[in-house]
Amino acid sequence: MFILAHLIWGLIMGKLSGNYTIALIGALAIDLDHLVVYIRHKIILSPEKFWQTITNPKDPYGNQRSFMHSFFAWLLISTSALIINFGAGLVLSLSYLGHLLLDLIDSSDFHPFYPIKLNVRGPIRYLSKSEILFTAALLLIFFVV
């Protein structure tokens with residue numbers, strides 16, 4: 001899913017938990033692994049190349065969704081966070097899990113058990129009308145909850 005869906009998911013979790021900071025970190029920080037690729041391939045220095053990369057459902061570099069986008073990382077980070085502070089850890093864990101589930105339902109390359117290269121593609125095409133409608137539904141949920 002595009003970053004906007006993850007942002008709205010974080011806002012929903014923040015509203016439900018009363019902890020927007022942790023919810024947004026859980027929903028968004030997972031995408032930091034994209035930045036490693038963008039910096040390594042100098043994509044970050046070219047606005048045109050950056051836009052082409054983030055709007056492309058394919059992963060031409062093969063590792064934009066790596067360790068942070070795996071259920072193994074989610075389990076490790078969630079367990080650690082729950083041990084440190086159960087309440088905040090729960091918010092972080094659910095926000096992070098929501099991010100993974102949103103990525104599971106889009107059509108982009110996704111290896112949920114990274115480093116195992118099992119590629120999963122969901123039914124919603126990346127940046128399609130369906131994704132825009134889905135994101136709008138998430139926004140509606142945020143305002144209704």
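This is a short walk through one predicted model, taking confidence, helix 2, the cores, helix 3 and a few single residues in turn.

Confidence comes before anything else. The protein chain has an average pLDDT of 89, and 96% of the residues score at least 70. By element, helix 2 has the highest confidence in the chain, at 98, while helix 3, residues 32–40, has the lowest, at a mean of 82. I will spend some time on both of those helices.

Helix 2 runs over residues 20–28, and its buried residues are A23, G26 and A27. Viewed down the helix axis, these buried residues fall within an arc of 95°, so they line one face of helix 2. The general background is that an α-helix has 3.6 residues a turn, so residues three or four places apart point the same way.

What do the buried residues of helix 2 pack against? They pack against helix 1, residues 3–17, and helix 6, residues 86–104. Take the pairing with helix 6. The two axes come within 7 Å and cross at roughly 35°, and the crossing is right-handed. On the helix 2 side, the residues that meet helix 6 are I22, A23, I25, G26 and A27. Across from them, helix 6 supplies A88, V91, L92, S95, Y96 and H99. A23, G26 and A27 therefore appear both among the buried residues of helix 2 and in the contact with helix 6.

Next, the cores. The largest nonpolar core has eight residues: M1, A5, I8, I12, L102, I124, L138 and F142. Helix 1 and helix 7, residues 129–144, are the elements that give two or more residues to this core. Helix 1 contributes the largest share, three residues. Apart from this core lies another, of seven residues, with I30, W74, Y96 and F110 among them. Y96 is also one of the helix 6 residues that meet helix 2.

Staying with the largest core, I124 is one of its members. Setting aside neighbours within four places in sequence, I124 is in contact with M1, I105, D106, S107, S130, E131 and F134. E131 sits in helix 7. Is E131 buried or exposed? E131 is buried, at a relative accessible area of 3%. With the same neighbours left aside, E131 is in contact with M1, F2, I124, R125 and Y126. So M1 is in contact with both I124 and E131. For orientation against helix 2, E131 and A23 are 22 Å apart in space, C-alpha to C-alpha, and 108 residues apart in sequence.

Now helix 3. Its buried residues are D33, H34, V37 and Y38. Down the axis of helix 3 they fall within an arc of 145°, so here too the buried residues line one face. On the other side of the helix, I39 and R40 are exposed. The buried residues of helix 3 pack against helix 4, residues 47–54.

Last, two backbone points. Most residues other than glycine have a negative phi. K42, just after helix 3, takes a positive phi of about 60°, although K42 is not a glycine. K42 lies in the loop between helix 3 and helix 4 and counts as exposed, at 56% relative accessibility. L127 is not a glycine either, and has a positive phi of about 55°. L127 is in the loop between helix 6 and helix 7 and counts as partly exposed, at 35% relative accessibility.

Terms used
Residues are numbered from 1 along each chain as its sequence is written. This is a predicted model: local features need pLDDT of at least 70, side-chain atom pairs count only at pLDDT 80 or more; totals for chains, interfaces and linings use all residues. Side-chain values use heavy atoms; hydrogens and water are left out. Buried means under 20% relative accessible area, exposed over 50%, partly exposed in between (1.4 Å probe, protein chains only). Helices (H or I, at least four residues) and strands (E, at least two) are DSSP runs, numbered from the N terminus. The arc is that of the directions from the helix axis to the C-beta atoms. Contact means heavy atoms within 4.5 Å. A nonpolar core is a set of buried Ala, Val, Leu, Ile, Met, Phe, Trp, Tyr and Cys residues joined through side-chain atoms within 4.5 Å. pLDDT is the predictor's confidence in each residue, from 0 to 100. Axes are lines fitted to C-alpha atoms, for helices over the stretch in contact, and angles run from 0 to 180 degrees between N-to-C directions. A crossing is left-handed if the near helix is turned anticlockwise from the far one by less than a right angle, and right-handed if clockwise.
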